[in-house]
Amino acid sequence: MTPVRIFISSVQKEFADERAALRDYLRGDALMRRFFEVFLFEELPAADRRMDVAYLGDVRRCDIYVGLFGNDYGSENAGGVSPTEREFDLATAEGKYRLIYVRGTDDAARHPKMRALVGRAEAGLIRKRFNTPSELVTGLYAALVDYLVEKQLIRSGPFDAAPCAKATLEHLDPDRMAWFLRMARATRRFPLAPDASPHDLLEHLNLLDDGRVTNAAVLLFGKQPQRFLISSEIKCAHFHGTEVAKPIPSYQVYKGTVFELVDAAVDFVLSKIALSVGTREAGPQAPVRYEIPKEVVAEAIVNAVAHRDYTSNGSVQVMLFADRLEIWNPGTLPPSLTLEKLRQAHGSVPANPLLAEPMYLTGYIERMGTGTRDMIRHCTEAGLPEPEFAVSDGFQTIIRRVQGRDTGEPREKPREETREKTRDKILALIAANPSISTNELAEQIGITPKGIEWQIQQLKRAGQLKRVGPKKGGRWEITEGGDE
């Protein structure tokens, strides 16, 4: 970001110690130097230009004017006005953010013109008095923190509740909000009517801040969320071996709402791990099992999306290796949680509460702090090692894969071979249950219903599949031969 420029105005000789103290503090403090750049006239290099032109030019270029008023008025020009007063007048005329600090309480000791200047500042500004350089530094620090909060450069509340700069209601997608209403009503009995307006929905979910669209609203319902929150994408990669190495056999960067990101990343992983289809001995539905339970994959990814630090420039990364699945997000555990507590019963402490609530309402997450324990249970039931959790330059979840299973270790394949693998899964599921619907196929295979429909069209064209009977109530029939 562009630093906020601070111009310090005063009689230089009278405030030499204070000016040096402010300079050293603003440049030495980690928070201050991240946001602010301080200008002192005495640090200007020698140049062939008038002094008054130089310092007034820097007043115009500054964002914050800091005036230090003491006893001395300073040298006067032909009109009887000192540089300090000219700087104050220009900052006022330019509408600069002004902070005034007056040294001492004995106004009678001040130069008459300085006394008048202090009176003018008191009439229209909040000004602070100080006696020592340390008091001045403390006072300015508090004022600058207030400035950062006011300008929303830092926040006292969660990121997802802050207004999203430059985003308006026009940048949100009504269709996505309508989908949310349907899902939330079906999943959690959400109270709003199906035809509730976008504004009513956002108000109900607390996704507006004084009428402005919040970051959470953009992440949930934005037409192009990454236009405003660039790093909110997900990066997915599949490697042949056990280390990150180029060239990467399969690499995808997904963009969209948090719901779309989770769905896409889960589909990416499920399409590249082994799938086994059992028999219908136990019931009409043939059991389907991924080598890593789908619930574990989904929980790890949705946690990374819901609880990440969205102020970071890093993106969620999903990396599938030959021996493990790693999910990394730029975030950390809240102070009340530890890595050990993740394996025990613990409360839910969402990093982005306004983002987490709609994800709960659509069934993507729970609010009881059970996610990590569910992952452990599902892995144990599947004969996998317990997931590993770590905090190192972000939060990391590692899920180990078991080599040499009957399902076979998957290998990276060209796109057409991957599609053939998906078609084989479709045929296996249809063989087990000829009445299975496209939605059920999509759910069990882990791709979208549109993807299933496309694959079915390819199978029909190849003469491997046909539909018998009506769309509803009919059945699939696996065939052999040429095109229909």
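Contact here means that heavy atoms lie within 4.5 Å of each other. With that in mind, this report describes a predicted model of a chain that has 17 helices and 17 strands. Of the 484 residues in the chain, 45% are buried. Where contacts link residues at least 6 apart in sequence, 65% of them join residues at least 24 apart.

**The parallel sheet and its surroundings**

Strands of a sheet pair through backbone hydrogen bonds, either parallel or antiparallel. An open sheet of 5 strands, with the order S2-S1-S3-S4-S5, shows parallel pairing. Its edge strands are S2 (36–39) and S5 (127–130), each of which pairs on one side only, and the twist from one strand to the next averages 25°. Between strand S1 (residues 4–9) and S2 there are 4 bridges, again in the parallel sense, and within this part of the sheet Phe-7 stands opposite Phe-39 in S2.

Two helices can be placed against this sheet. Helix H1 (residues 16–28) lies across S1, S2, S3 (64–69), S4 (97–103) and S5, and runs at about 165° to S1. Helix H6 (residues 133–150) also packs on the sheet, touching S1, S2, S3, S4 and S5, with a direction that makes about 165° with that of S4.

Thr-84, a residue of helix H4 (residues 83–93), has contacts that reach into this part of the chain. Is Thr-84 buried or exposed? Its relative accessibility is 3%, and Thr-84 therefore counts as buried. Apart from neighbours within four places in sequence, Thr-84 is in contact with Ser-9, Ser-10, Val-11, Tyr-65, Phe-69, Tyr-73 and Leu-117. Among these partners, Ser-9 falls within the residue range of S1, while Tyr-65 and Phe-69 fall within that of S3.

**The mixed sheet and helix H12**

A second open sheet has 6 strands in the order S9-S8-S12-S13-S15-S14, and its pairing is mixed. The edge strands, each pairing on one side only, are S9 (250–254) and S14 (388–391). With direction ignored, neighbouring strands of this sheet are turned by 15° against each other on average. Strand S12 (residues 316–320) and strand S13 (residues 324–329) run antiparallel and are joined by 4 bridges, and the bridge partner of Met-319 in S13 is Glu-326.

Helix H12 lies across S8 (234–238), S12, S13 and S15 (395–400), and runs at about 15° to S13. H12 also has a helical partner. Two packed helices are described by the angle between their axes and the distance between the axes. For H12 (residues 294–307) and H14 (residues 371–381), the angle is about 155° and the axes are 9 Å apart. Because angles over 145 degrees count as roughly antiparallel, H12 is described as roughly antiparallel to H14. The crossing of these two helices is left-handed.

Which residues of H12 and H14 meet? From H12 come Glu-295, Val-296, Glu-299, Ala-300 and Asn-303, and from H14 come Gly-371, Met-375, His-378 and Cys-379. The residues of this contact divide into 4 nonpolar, 3 polar and 2 charged.

**Backbone features in loops and after a helix**

Most residues other than glycine have a negative phi, and most peptide bonds are trans. The table lists backbone values in this model that can be read against that background.

| Residue or bond | Backbone value |
|---|---|
| Lys-246 to Pro-247 | cis, omega near -5° |
| Arg-189 | phi near 55° |
| Asn-206 | phi near 60° |
| Gly-446 | phi about 95° |

Pro-247, at the cis peptide bond from Lys-246, has its place in the loop between S8 and S9, both of which are strands of the mixed sheet. Arg-189 has a positive phi although it is a residue other than glycine, and its place is in the loop between helix H7 (174–188) and helix H8 (198–204). With a relative accessibility of 77%, Arg-189 counts as exposed. Asn-206, likewise a residue other than glycine with a positive phi, lies in the loop between H8 and strand S6 (208–209).

Gly-446 takes its positive phi just after H16. Within helix H16 (residues 438–445), the residues Leu-441, Ala-442, Gln-444 and Ile-445 are buried.

Key: Residues numbered from 1 in each chain as written. Predicted model: local features only at pLDDT ≥ 70, side-chain atom pairs only at ≥ 80, totals over all residues. Heavy atoms only, no water. Axes fitted to C-alpha atoms, helices over the stretch in contact; angles between N-to-C directions. Parallel < 35°, antiparallel > 145°, perpendicular 65-115°, else oblique. Left-handed = near helix turned anticlockwise from the far one by under 90°. Nonpolar A, V, L, I, M, F, W, Y, C, P; charged D, E, K, R; others polar. Buried < 20%, exposed > 50% of the residue type's maximum accessible area, 1.4 Å probe, protein only. Pairing = 2+ DSSP bridges.
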